[in-house]
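Please open the model in your viewer and keep the selection panel at hand. The stops below say what to select next and what is there.

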Amino acid sequence: MRRGLLCLPLFAALACGDLPGDTDAATLGTSDASAGTDTSTAASTNPTTTQTPPDTSEGSMSGAETTTTGTPTGTSEPLTSTTGDPPKADMGSSGGEFLRCHDAPPDGATLAPDIPAYGGSCPTLEIGYMEGQAFNVLPQQLGGGTVERQFLVIAPEDAGPDERLPVIFLWHWLGGDAQDFYERGDVQNAVNQKRFIAVIPEAREGLLFKWPFSAIDSDADLQAEFQFFDDMLSCVAEQFSVNKECVASTGVSAGALFTSQLAGGRGDVLSSFMSLSGGTGGGTIKPWTAPAHKMPAMVLWGGPNDFCIVIDFEQTSKDLEQNLEAGGHFVLECIHNCNHSTPPFPVEPGETAFAPLWDFFLDHPYWLTPGESPYNEFGVPAGMPDWCAIGVGNAVPPPEPCDKNECS
């Protein structure tokens, strides 16, 4: 039996919230920073077919009724478990029928490229988050100077030393920050229950919309953000046993608009991506860049009234969908019809909040062939909202009125 719909305030400050008074896209300011040479020399390589099957772990599942905070670690070694083997990943209502991120790849599968080493010296990562805890910092050369880029790394509190963990990047909305995403996304409970690492970047100063996705953002700014992604992934992979077959990205509103740019720029690395009220095109947003790797995507928005000041998110989401469909990518379309607001994900008792989002990520490893998804064969899992459907134009929004709107 499903719980009642959850409308947590994850979108309380969105891509259009807290915008400057001038809403004419043609007059939007430009970035103050341009990208120079980063301290990292990391670069992606072509996919390979050499397999290294991931380790699996057994045990009990952990609950997710309340938010907990991780304890920072002061070692560069993977976290160790104090209770023996780490819990088995919660497979959700889709589990057991098909290979997922925690399973070994099938024979002959095309695997993700190796994660390059960081070009400098990675810091010892602080894991988890609690009030007052310092963020992780990586230096980046921008505009002739060095900028300290900050991010959180959230891992299972009982991760085993040999547990190969998927990684997902979470890009926050305009009026929010990394801590907001951590708290409102119930991220510590999510990684404990679903067995993955969440990397939550903090936006830097100098960009009007926090992340470089608008038509006026320079290519140098965009490349600098891609490099920040590369550097974070390299340093996480240095400290943890990372499952490179499952590295994904999701974002909320402004973060979702950037996630679509990242999918184009780093599609050779990403296994999937999820756009929550984001998209491409529409005049004010950069167009889609087709990646060589065909990756599954969840494209979610709030219906025809998902609009916030200068951005029509239904238009940008549909533009993204059309490009994905034309490029042969699998698309799960989700329309919750609650305007520009928190997706009302229904979850089963005991599941972490936003479980369908994490399950989509874990259901779609890198090795899937172009356009492939286990959902094509087995159907959309029961744990997914009934306002999600396979393919562009197939989702049926809820018929009941929903007057939520968190654009402010």
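In this predicted model, buried residues make up 57% of the 408 residues in the protein chain. Coloured by secondary structure, the chain shows seven helices and 11 strands. Among contacts between residues at least 6 apart in sequence, 82% join residues at least 24 apart.

**The sheet**

Select the strands of the open sheet, which number nine and follow the order 1-2-4-3-5-6-7-10-11 with mixed pairing. At its edges lie strand 1 (136-142) and strand 11 (388-390), each of which pairs on one side only. Moving across the sheet, one finds neighbouring strands turned by 20 degrees against each other on average, with direction ignored.

**Strand 3 and its neighbours**

Next, select strand 3 (165-171). Seven of its seven residues are buried, so strand 3 is largely enclosed by the rest of the structure. In a regular strand the side chains alternate between the two faces of the sheet. Show the side chains here, and Leu165, Val167, Phe169 and Trp171 point one way, while Pro166, Ile168 and Leu170 point the other way, all of them buried.

What joins strand 3 to strand 5? Six bridges do, and the two strands run parallel; leucine 170 stands opposite threonine 250 in strand 5. Strand 3 is also joined to strand 4 by three bridges, again in a parallel arrangement, and the bridge partner of phenylalanine 169 in strand 4 is valine 199.

Continue to strand 5 (residues 242-252), which five bridges join to strand 6 (residues 272-276), the two running parallel. Here serine 249 stands opposite phenylalanine 273 in strand 6.

**Helices on the sheet**

Add helix 4, which packs on the sheet and touches strand 3, strand 5 and strand 6, its direction making about 140 degrees with that of strand 5. Helix 4 has 12 residues and reaches 17 Å from its first C-alpha to its last, close to the 16 Å expected at 1.5 Å a residue. Is this helix mostly covered or mostly exposed? It is mostly covered, with 11 of its 12 residues buried, among them Ala254, Leu257, Phe258, Leu262 and Gly264. The buried residues of helix 4 pack against strand 3, helix 3, strand 5, strand 6, strand 9 (311-312) and helix 5.

Helix 5 (residues 313-326) is the next selection: it lies across strand 6, strand 7 (297-301) and strand 10 (331-335), running at about 160 degrees to strand 7.

**Helix 2**

Now select helix 2 (187-194). Eight of its eight residues are buried, so helix 2 is largely enclosed by the rest of the structure; the buried residues include Val187, Asn189, Val191 and Lys194. They pack against strand 2 (145-154), strand 3, helix 1 (178-184), strand 4 and helix 6. Just after helix 2, arginine 195 takes a positive phi of about 70 degrees.

**Aromatic pairs**

Finally, show the aromatic side chains, among which the structure holds 19 aromatic pairs. One of them joins phenylalanine 196 and tryptophan 358, a tilted pair with 5.3 Å centre to centre and 40 degrees between the planes. Why does this pair tie together parts that are 162 residues apart in sequence? Phenylalanine 196 lies in the loop between helix 2 and strand 4 (197-201), whereas tryptophan 358 lies in helix 6 (residues 355-363), so the pair links these separate parts. Both phenylalanine 196 and tryptophan 358 are buried.

A further tilted pair is formed by phenylalanine 226 and phenylalanine 258, with 6.2 Å centre to centre and 35 degrees between the planes. Because phenylalanine 226 lies in helix 3 (residues 219-239) and phenylalanine 258 in helix 4 (residues 254-265), this pair ties together parts that are 32 residues apart in sequence. Phenylalanine 226 counts as buried at 4% relative accessibility, and phenylalanine 258 counts as buried at 0%, the cut-off being under 20%.

Widen the selection to Phe169, Trp171, Trp211, Phe226, Phe229 and Phe258, which form one aromatic cluster. Within this group, Phe169 and Trp171 belong to the set of side chains that point one way from strand 3.

For the last stop, select arginine 149 and phenylalanine 228: the charged end of arginine 149 sits over the ring of phenylalanine 228, 4.0 Å from its centre.

Methods:
Residues are numbered from 1 along each chain as its sequence is written. This is a predicted model: local features need pLDDT of at least 70, side-chain atom pairs count only at pLDDT 80 or more; totals for chains, interfaces and linings use all residues. Side-chain values use heavy atoms; hydrogens and water are left out. Rings of Phe, Tyr and Trp (its six-membered ring) pair if their centres lie within 6.5 Å; planes under 30 degrees apart count as stacked, over 60 as edge-to-face and the rest as tilted. Helices (H or I, at least four residues) and strands (E, at least two) are DSSP runs, numbered from the N terminus. Buried means under 20% relative accessible area, exposed over 50%, partly exposed in between (1.4 Å probe, protein chains only). A charge sits over a ring if NZ of Lys or CZ of Arg is within 6 Å of the ring centre and within 35 degrees of the ring normal. Two strands pair if DSSP finds at least two bridges between them. Axes are lines fitted to C-alpha atoms, for helices over the stretch in contact, and angles run from 0 to 180 degrees between N-to-C directions. Contact means heavy atoms within 4.5 Å. The expected span of a helix is 1.5 Å times one less than its number of residues.
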